[in-house]
Amino acid sequence: MRYKERLLLPLFFILAICFALPAVAQDKPELKLGGALRFNYNYSDWKPSNRKRGGDFGFDVFRLNVDAAYKKLTLAAEYRFYASSSGGGMLKSGWVGYQFNDMHQLQLGLAPVPFGIQPYTSNSYFFNINYYLGLEDDSDMGIKYLYRKGGWEMAFAFFKNADVLDFGDQSEVSPDRYAYDVAGRNKEVNQGNAQVIYHWGKKWKQQIGGSVMYGGLYNLDTEKMGARSAFALHYMLDVNRWNLKAQYTNYQMRPKNLEGEDRRTVSVAAYGAPYQIAAKASTYSATLSYTIPIYKGVLDEIRLYNDFSMMDKRDKEFNDSYQNVTGCMLSMGSVYTYVDYAMGKNHSWLGSDWDNAFADGIASNHWNVRFNINIGYYF
């Protein structure tokens, strides 16, 4: 099957389900179709040819969102189309839910992992370091229970594994995915998550939350089960036009690799390519934003922000990773534009060392810089 035809099949499948729903339901179901088309410009100071050209401007992503409900059943799915070099077509998330009442819900399928600030900490196009480690905006295959009452939110989940694209017994995790998952000769399996969040305040709207995760790492060579664990504490504040988010995260991975293989690093993959990360680290994230209402001409709002995150690697021979993004988001009706000045040190996406930046890295005070503009029409 040709590549373009393979990309179009999920789109036709989703649309077929949507238009079939009214025919099979006795009552008219609720249905909402949405999506986005985005383009991206980047100027990267570590790429000589990119600098000589004055940067590059091209296609980023086309995405399709489907939300449906019939009585107490719900459905949510998001499919994304990237360039083939970035993984091509991929299901970001997709689950079927049962809404018992306003307080209780079950989700089954490729569901968002309840860990840390939801859905993510950052304001910019670049997320924060947790995303590149597989600890933010991730969805896995399993079942999740949600509880909401008053100021409390709770989530408990069991994920059998990350998104599986190949059911071969010895198949490695495909890198053609949106969120980072453990890859190479190890696989995420039998993962449990729990999260508790408390909201309070009217003028000063605040939330504090804690998340824990524990699961297995199955090695395809030794056929032994390692372990993966993480916990996070977060705080968020909204007051007037200001927003503050802060999070501390700690994770550990203990793979059961073949004798002699390095267990200080683990392979993760997304967007069509894998890289190595430190097996043990703590991360710190802090973001601050201020929104300016305009509502004149085509411009509605401007959000100014600075997002900082760092990765403190537990191995003393490894060099820590840093990311700082200063920028603004321009809101113009259905068009949203992110203008970012992103700086990175020992960062795979912000530097020339793709394979090992988040692992051992290099000892240097040099920061790489990427100037980025992302323009998207959301419908």
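The exercises below, each with a worked solution, concern a predicted model.

**Exercise 1. The surroundings of Q247**

Task: Place Q247 in the secondary structure, decide whether Q247 is buried or exposed, and list the residues that Q247 touches.

Solution.
- Step 1. Q247 belongs to strand β12, which covers residues 242-254.
- Step 2. The relative accessible area of Q247 is 5%. Buried means under 20%, so Q247 is buried.
- Step 3. Beyond four places in sequence, Q247 touches G116, I117, T121, N130, A232, L233, H234, T283, Y284 and S285.
- Step 4. One of these residues, I117, has its backbone nitrogen reached by the side chain of Q247 at 3.0 Å.

**Exercise 2. Q107, a glutamine in strand β5**

Task: Find the burial class of Q107 and the side chain that Q107 joins through a polar contact.

Solution.
- Step 1. Q107 sits in strand β5, residues 104-112.
- Step 2. Its relative accessibility is 5%, so Q107 counts as buried.
- Step 3. The side chains of Q107 and Q105 are joined by a polar contact of 3.0 Å.
- Step 4. With residues up to four places away in sequence set aside, Q107 touches W95, V96, G97, P112, G142, I143, K144 and L146.

**Exercise 3. Cavities**

Task: State how many cavities of 30 Å³ or more the whole structure holds, and describe the lining of the largest cavity and of the second largest cavity.

Solution.
- Step 1. Rolling a probe the size of a water molecule over the atoms shows where empty space is left.
- Step 2. The search of the whole structure gives two cavities of 30 Å³ or more.
- Step 3. The largest cavity holds about 80 Å³ of space. Its lining consists of V113, F115, Q118, G134, L135, E136, D137, D138, D140, Q191, M213 and R228.
- Step 4. Sorted by class, this lining of the largest cavity has five charged, four nonpolar and three polar residues.
- Step 5. For the second largest cavity the volume is about 40 Å³, and the lining residues are L133, L135, M213, R228, S229, Y251, M253 and I277.
- Step 6. Two or more residues of the lining of the second largest cavity come from each of β11 (225-239) and β12.
- Step 7. The lining of the second largest cavity divides into six nonpolar residues, one polar and one charged.
- Step 8. L135, M213 and R228 appear in the lining of the largest cavity and also in that of the second largest cavity.

**Exercise 4. The largest nonpolar core**

Task: Give the residue count of the largest nonpolar core and name the residues with the most contacts inside it. Then list the contacts of L133.

Solution.
- Step 1. The core contains 43 residues, and L133, Y178, Y180, Y251, I277, M311 and F358 have the most contacts inside it.
- Step 2. At least two residues of this core come from each of β4 (89-99), α3 (129-132), β7 (152-161), β10 (204-219), β11, β12, β13 (265-270) and β14 (273-278).
- Step 3. Neighbours within four places aside, L133 is in contact with Y180, Y251, I277, T283, M311 and F358.
- Step 4. L133, Y251 and I277 also belong to the lining of the second largest cavity.

**Exercise 5. Two strand residues, V212 and G344**

Task: Find the strand, the accessibility class and the contacts of V212 and of G344.

Solution.
- Step 1. V212 is in strand β10, while G344 is in strand β18, residues 335-345.
- Step 2. V212 has a relative accessible area of 44% and is therefore partly exposed. G344 has a relative accessible area of 0% and is therefore buried.
- Step 3. Leaving aside neighbours within four places in sequence, V212 is in contact with F115, G192, N193, A194, A230 and F231. On the same terms, G344 is in contact with Y322, L350, H366, W367 and N368.
- Step 4. V212 and A155 lie 57 residues apart in sequence, with 11 Å between their C-alpha atoms. For G344 and S309, 35 residues apart along the chain, the C-alpha separation is 9.8 Å.

**Exercise 6. Backbone geometry**

Task: Identify the cis peptide bond from Q118, and give the phi values of E223 and N240.

Solution.
- Step 1. Most residues other than glycine have a negative phi, and most peptide bonds are trans.
- Step 2. The bond from Q118 to P119 is cis, with omega near -5°. P119 is in the loop between β5 and α3.
- Step 3. E223, which is not a glycine, has a positive phi of about 55°. E223 lies in the loop between β10 and β11 and, at 53% relative accessibility, counts as exposed.
- Step 4. N240 has a positive phi near 55°. N240 lies in the loop between β11 and β12 and counts as exposed at 66% relative accessibility.

Technical notes
Residues numbered from 1 in each chain as written. Predicted model: local features only at pLDDT ≥ 70, side-chain atom pairs only at ≥ 80, totals over all residues. Heavy atoms only, no water. Helix = DSSP H or I, 4+ residues; strand = E, 2+ residues; numbered from the N terminus. Buried < 20%, exposed > 50% of the residue type's maximum accessible area, 1.4 Å probe, protein only. Polar contact = N/O pair within 3.5 Å; in protein donor to acceptor, adjacent residues only side chain to side chain. Contact = heavy atoms within 4.5 Å. 1 Å grid on protein atoms, 1.4 Å probe; cavity = no way out; pocket = protein on both sides within 12 Å on 5 of 7 lines; lining within 4 Å. Points joined across faces, edges and corners; volume = space filled by probe spheres on them. Nonpolar A, V, L, I, M, F, W, Y, C, P; charged D, E, K, R; others polar. Core = buried A, V, L, I, M, F, W, Y, C linked by side-chain atoms within 4.5 Å.
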